[in-house]
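Biologist: Pick one spot in this model and take me through it closely. Then work outward from there, and spell out your cut-offs as you go.

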Amino acid sequence: HVIFGSLNAEDPPPPQGLVARMDPRHPTLGMRILENKEETSPGFQFDKVMRDAYEDMTGNYEFVRRLSGVAEGAEIAGLVAAQANQDFMNAVSFHKGCYLGQELTARVQHTGAVRKRIVPLLVLDKEYDTPHHWRMVADLQRGRHMGRFTEKELKKLPPRQPRFSPPAASHFVMLSSAAMIDPEASKGTSSEPLVKMASELMENLQDAAIPGAKITDDGATVAKILTAPMPGTNVVTALVKMDSMALMGKNMWNHHNKVRIGESDKVFRYLPYIPLWWPALDPETGKKLEKSEEDEDDEQWEVPEGFYDPSERMKQETEEEMQKVQNFTKDGGVTNQNAESIDRDQAGKSNIWYGPPMRE
């Protein structure tokens, strides 16, 4: 079983016969529960407890997994551990041995560069307006390319693509899928064309974005679909070339891109984003950025009076959100004596900040 909430995983312990632990990859992926029916108390019905405490949302885990940019199982077959982001998810040890593939994993970590990684992509119709977050990072990429920032300013700039939590990313899915508009009520109103466009997008995407399909931009492959979108949604996970989305090297990512997916003749637009659980990346190697003492000294620069540092604000908001997620999955809880509904608002939302220091 996988649930999003709490089953008193740590204190007090879960009911007899149940073993509950947070997903070791990241708290946003929920909790894993094992049930031994031979050890549970007489009359205890796990399925009933779940139905009483949580809404029946078939496919919820699969949707959150896509929003989180996590691929698993057959989706990551044949990939190097770093390409599957396992170096970010407590799945790889660089201090223990031996294990199958250790030599290649260690060589990539210590000597090579990770030029492809699994990334979540929001796929839109080419006629959709690109949201502000991606237009802003494109402007910053242009500023980097034209040398408009000092070295100190470059170190303080936000990531090269928007950084979202699953709740924040789902906001864009709802908007682009017109999920909040009743199709029947929209007939004859100004919302009808939007509903029609969203419906066609979802239909075309289901046909095109199948596992193994390549995403091509002007004939060049930029990504390969690993996880198809859930019905009615437009977020996928794909193995993406890091330089194609400007996370490595000096390339610039085009926020007005027009791409084709697989054998489809439809034209789409892809918007990559960085999952909340990713660390800061080294643009030269595509691996976790290791800060030097010099970098730490540079971080002590003073922000002009009347301005705030967007990177510090984003870091603070991220830490607060992570704490909310941990509290959400630990506090309250469900036991065989007491099945309480979970206030999903506790999960929190991301506040994304971009640009140089801004006035309060």
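Modeller: Let's start at A246, which is buried, with a relative accessible area of just 1%. Buried here means under 20% relative accessible area, exposed means over 50%, and partly exposed is in between (1.4 Å probe, protein chains only). Those areas come from the Shrake-Rupley method, and only the protein chains shown count as cover for a residue. Bear in mind that this is a predicted model: local features need pLDDT of at least 70, side-chain atom pairs count only at pLDDT 80 or more, and totals for chains, interfaces and linings use all residues. Residues are numbered from 1 along each chain as its sequence is written, and side-chain values use heavy atoms, with hydrogens and water left out.

Back to A246: its phi is positive, about 65 degrees, although the residue is not a glycine. A246 sits in the loop between β8 and β9. Those labels are DSSP runs counted from the N terminus: helices are H or I with at least four residues, strands are E with at least two. N90 makes a handy partner for A246. N90 also has a positive phi without being a glycine, at about 60 degrees, and is in the loop between α2 and α3 (102–110). But N90 is exposed, at 66% relative accessibility, whereas A246 is buried.

Both strands next to A246's loop feed the largest nonpolar core, which has 52 residues; L121, W134, I215, I261, F268 and W278 touch the most other members. Two or more residues each come from α2 (60–67), β4, α6 (166–177), α8 (192–208), β7 (220–227), β8 (235–241), β9 (259–261) and β10 (268–272). The top contributor is α8, with six residues. By core I mean a set of buried Ala, Val, Leu, Ile, Met, Phe, Trp, Tyr and Cys residues joined through side-chain atoms within 4.5 Å. As background, nonpolar side chains tend to be buried together in soluble globular proteins.

From there, helix α2 is a good next stop. F63 is in this helix and counts as buried, at 19%. The C-alpha atoms of F63 and V235 are 8.4 Å apart, though 172 residues separate the two in sequence. For α6, take S170, which lies in that helix and is buried at 17% relative accessibility. S170 and N234 are 64 residues apart along the chain, with 9.8 Å between their C-alpha atoms. A third pairing of this kind is K287 with F88: 199 residues apart along the chain, 9.4 Å from C-alpha to C-alpha. K287 belongs to the loop between β11 (274–275) and α9 (293–298). You might expect a lysine to be out in the open, but K287 counts as buried, at 9%.

Now for the charges. Opposite charges on side chains can pair when their charged atoms come close. The model holds ten salt bridges, each being a side-chain nitrogen of Lys or Arg within 4 Å of a carboxyl oxygen of Asp or Glu. In α2, E62 bridges to R65, with their closest N and O atoms 2.7 Å apart; the two are three residues apart, about one turn of the helix. E62 also pairs with R66, at 2.9 Å from N to O. R66 and E62 are four residues apart in α2, so about one helical turn separates them. E62 itself is partly exposed, at 26%, while R65 is buried at 2% and R66 is buried at 8%. These belong to a salt-bridge network that links D23, R25, E62, R65, R66, E72 and E75.

Another bridge joins sequence neighbours: E127 and K126 meet at 2.4 Å, N to O. E127 is exposed, at 53%, and K126 is partly exposed, at 29%.

Last stop is the surface, where K116, K214, K224 and K241 gather in a patch of positive charge. Patch members have over 30% relative accessible area and no salt bridge; like charges are joined within 9 Å, and nonpolar side chains (Val, Leu, Ile, Met, Phe, Trp, Tyr) within 5 Å. K116 is part of strand β4 (residues 116–125) and is partly exposed, at 34%.

Note on methods. Accessible areas come from the Shrake-Rupley method with a 1.4 Å probe; for residues, only the protein chains shown count as cover. Lys and Arg count as positive and Asp and Glu as negative; His and the chain ends are not counted. The place of a charge is taken as NZ of Lys, CZ of Arg, CG of Asp or CD of Glu.
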